[in-house]
Amino acid sequence: MSRDLPGSPGHQRDGPSGSGDIAEFAYSPLKEQQIRLIELLPGARGSPINCKIVHSGLDSASEQYECLSYVWGPPLIPQSISMNGTTIDVRQNLRAALEAIRDEVKPRTIWIDALCINQKDIHERNKQVANMGKIFRHATKVLVWLGEAADDSDLLFDHISAEEDGWGYEWVGPLDSRSAEAMLAFYCRSYWKRVWVIQEILIATSLDLFCGTKCMPMDMYRYGFTSFLWKMKGLAKSGNNPPWFTKALENNLQNSPGCNILRQQYGGKTEDFSLLRLLEMCADCKSECQLVHDRIYGLIGVLKASQQGLVVPDYSKPLCQVYVDVLILLLTPDTASDSHFVSTWGYIGKDLIASSRTTQHLLEHPLWNEKVGAFHPVASICSASQLNNMRKLRLDVWIEGVAAISEVGDALTPEALLASDSPGLNQADAIQMDRFRAAVKDLDISDFHCTYEIGTRYMKKLTDPPTTPFSPIQDGNTGKDIILHQSTGENRPFITNNGLLGLASTTVQKGDLLYGFNSLEDLFLGTRNLYLIIRPGTDHSVYSFTLIGRGIMLPVPEEKYCNFTTKRRKGKYAKFNFKDDLLAEGVDVDYDMFEQINCYMDATTLFLLTR
């Protein structure tokens, strides 16, 4: 069973004595590889909280300490504690956590971010955040404060006990909807949606849960939750499944933020967690935090060893540059070889594209200039070193032919395109145009800008040696480096012979080719994959072609599966005839070479394509 914490749950807390997170406390500077630790002095529940703060070497084997994992919470009602004899204000949730974990008899040595880091010293905070993984990894235990008792949380803690054979723990409470709803509420608490929780839990060697006046080892709770699910499934198999235990409820439980994190903590090893995987976990858990930088910095402490140090916390850095740091990390080969390109990028392309977009969402779309309604020029948001690193990263990309463009419409601004009844596509019938207008209205303003012309980029084939230099991306008309340009938002609609509709840059023309990253099904599912517009060179060779830019594809209705025919496509895509499309448009190329293209792409190009 869980243990009750000593004292009364209904104590009166100290009243507010100021505002802000912490009153002016005189922190002594830390030496290199030092941290501060809090000695939480013993006391009865309801008595004043007294602490001492001490310095300790991070690598010191003699120092035993625990770490507190909790949600900061709003700074609305500050609470008083004493630290080294000085009365300071802390947030209400931290005061409640200290009350819950305090022992009545002996002191407890704890690392707490809000108290052990001088939050007003950005230089110190950068260094301490970079060491967060090490700090939690060295702790003897992580104490998880989930908040006050609510939504029948006491019921959960009171009905998990050791199994009779002594090998684990099981749920011994009622198998009813009240228990299930209490578990769902428990796993959906705001604590589990905090970005830092992912790191703090995944690298912990031991965890204790604190909720209200209850305390339980994390493993014990996880066993109890699993036992509840197994018992409910057992009822279903025997035909006694209660009507309230629906598949939707079961899925909500298993996919809740808390359950997602604990499942990773139970089955994963710290060295297994790539940034790609952690970003996906953030998206699944709808992770949040108060400082936008922490949506990335809160993950780096748990990165696999090969990715450690590639993103260095710097709270003075603009968010757009934090995004570029992440993009470079995602694109850097995760091998011990000295390869200059990511040899499997074509295979993991969809995940990489999704992670790029997830990162932009987590960082609140830092590449978009809200004031002018356009994307920032690349050169204005990347440091010189970042630009240099991106141009050195060469990606081995496989793209697959989808169709040839048979007609392009008028060049229009987003406003004109939304207002236009006839954007100049004569081949589209009335039904297609109705769907076109409906799909365009669902686009965000930034979607119209992401098709901006890449220009006369000469793409190298894989047979070229990795040392082949990459010239800057240049505008074919002005010769200026395109990274200095701001997106315009102008587009031309286009249609292909097999009925696909989309938008592309104003330079798109009849006979250009549409390519995708081996994910044709996305055309029918309406998901946001990456599609490219390619223009073959005058010699119609795969060695010479221009990347015009990105194509925004409008979803294909379920009843209109277009006709594909290739050697590799099967099922509903088996009749999509790319070769006939090329011939119909008079594109005289080697079909076998153009069905799939293998080429180099540097990270600057990918940056422009995935905005």
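What percentage of the 611 residues of the chain count as buried? The figure is 55%. Keep in mind as you read on that this is a predicted model.

## The chain as a whole

Welcome to the structure. Along the chain you will find 23 helices and 22 strands. Its accessible surface comes to about 26100 Å², and carbon and sulfur atoms hold 51% of that surface. If you take the contacts with a separation of 6 or more, 74% of them join residues that are 24 or more positions apart.

## An enclosed helix

A good place to begin looking is helix α1, which covers residues 92–101. Of its 10 residues, 8 are buried, so the helix is largely enclosed by the rest of the structure. The buried residues of α1 are L94, R95, A96, A97, L98, E99, A100 and I101. As you can see from these names, R95 and E99 are among the buried residues.

## Helix α9 and two partners

Next, turn to helix α9, residues 247–254. Two packed helices are described by the angle between their axes and the distance between the axes. Here are both pairs that involve α9.

| Helix pair | Angle between axes | Distance between axes | Crossing |
|---|---|---|---|
| α8 (residues 218–237) and α9 | roughly 160 degrees | within 12 Å | left-handed |
| α6 (residues 177–187) and α9 | about 35 degrees | 9 Å | left-handed |

How are α8 and α9 oriented to each other, roughly parallel or roughly antiparallel? Angles over 145 degrees count as roughly antiparallel, and the axes of α8 and α9 cross at roughly 160 degrees. The two helices are therefore roughly antiparallel to each other. Their crossing is left-handed. On the α8 side, F225, L229 and K233 make the contact, and on the α9 side E250, L253 and Q254 do. Sorted by class, this contact has 3 nonpolar, 1 polar and 2 charged residues.

The other partner, α6, packs against α9 at an angle of about 35 degrees. This crossing is left-handed. Here α6 brings A180, E181, M183 and L184 to the contact, while α9 brings L249, N252 and L253. By class, the contact of α6 with α9 has 5 nonpolar, 1 polar and 1 charged residues. If you want to link the two pairs in your view, look for L253 of α9: it is in the contact with α8 and also in the contact with α6.

## A buried serine in a loop

Following α9, you come to the loop between α9 and α10 (257–267), where S256 has its place. Is S256 buried or exposed? With a relative accessible area of 2%, S256 is buried, the cut-off for buried being under 20%. Leaving aside neighbours within four places in sequence, S256 is in contact with L184, Y187 and C188. One of these, L184, also takes part in the contact of α6 with α9. The C-alpha atoms of S256 and A185 are separated by 9.2 Å, although these residues lie 71 residues apart along the chain.

## Two residues with positive phi

Finally, visit the loop between α14 (345–362) and β14 (368–369), where E364 is found. Phi of E364 is near 60 degrees, a positive value in a residue other than glycine. H365 lies in the loop between α14 and β14 too, and it has a positive phi of about 50 degrees although it is not a glycine. How does each one stand towards the surface? E364 is partly exposed, with a relative accessible area of 47%. H365 also counts as partly exposed, at 47% relative accessibility.

Methods:
Residues are numbered from 1 along each chain as its sequence is written. This is a predicted model: local features need pLDDT of at least 70, side-chain atom pairs count only at pLDDT 80 or more; totals for chains, interfaces and linings use all residues. Side-chain values use heavy atoms; hydrogens and water are left out. Helices (H or I, at least four residues) and strands (E, at least two) are DSSP runs, numbered from the N terminus. Buried means under 20% relative accessible area, exposed over 50%, partly exposed in between (1.4 Å probe, protein chains only). Contact means heavy atoms within 4.5 Å. Accessible areas come from the Shrake-Rupley method with a 1.4 Å probe; for residues, only the protein chains shown count as cover. Axes are lines fitted to C-alpha atoms, for helices over the stretch in contact, and angles run from 0 to 180 degrees between N-to-C directions. Angles under 35 degrees count as roughly parallel, over 145 as roughly antiparallel, 65 to 115 as roughly perpendicular and the rest as oblique. A crossing is left-handed if the near helix is turned anticlockwise from the far one by less than a right angle, and right-handed if clockwise. Ala, Val, Leu, Ile, Met, Phe, Trp, Tyr, Cys and Pro count as nonpolar, Asp, Glu, Lys and Arg as charged, and the others, Gly among them, as polar.
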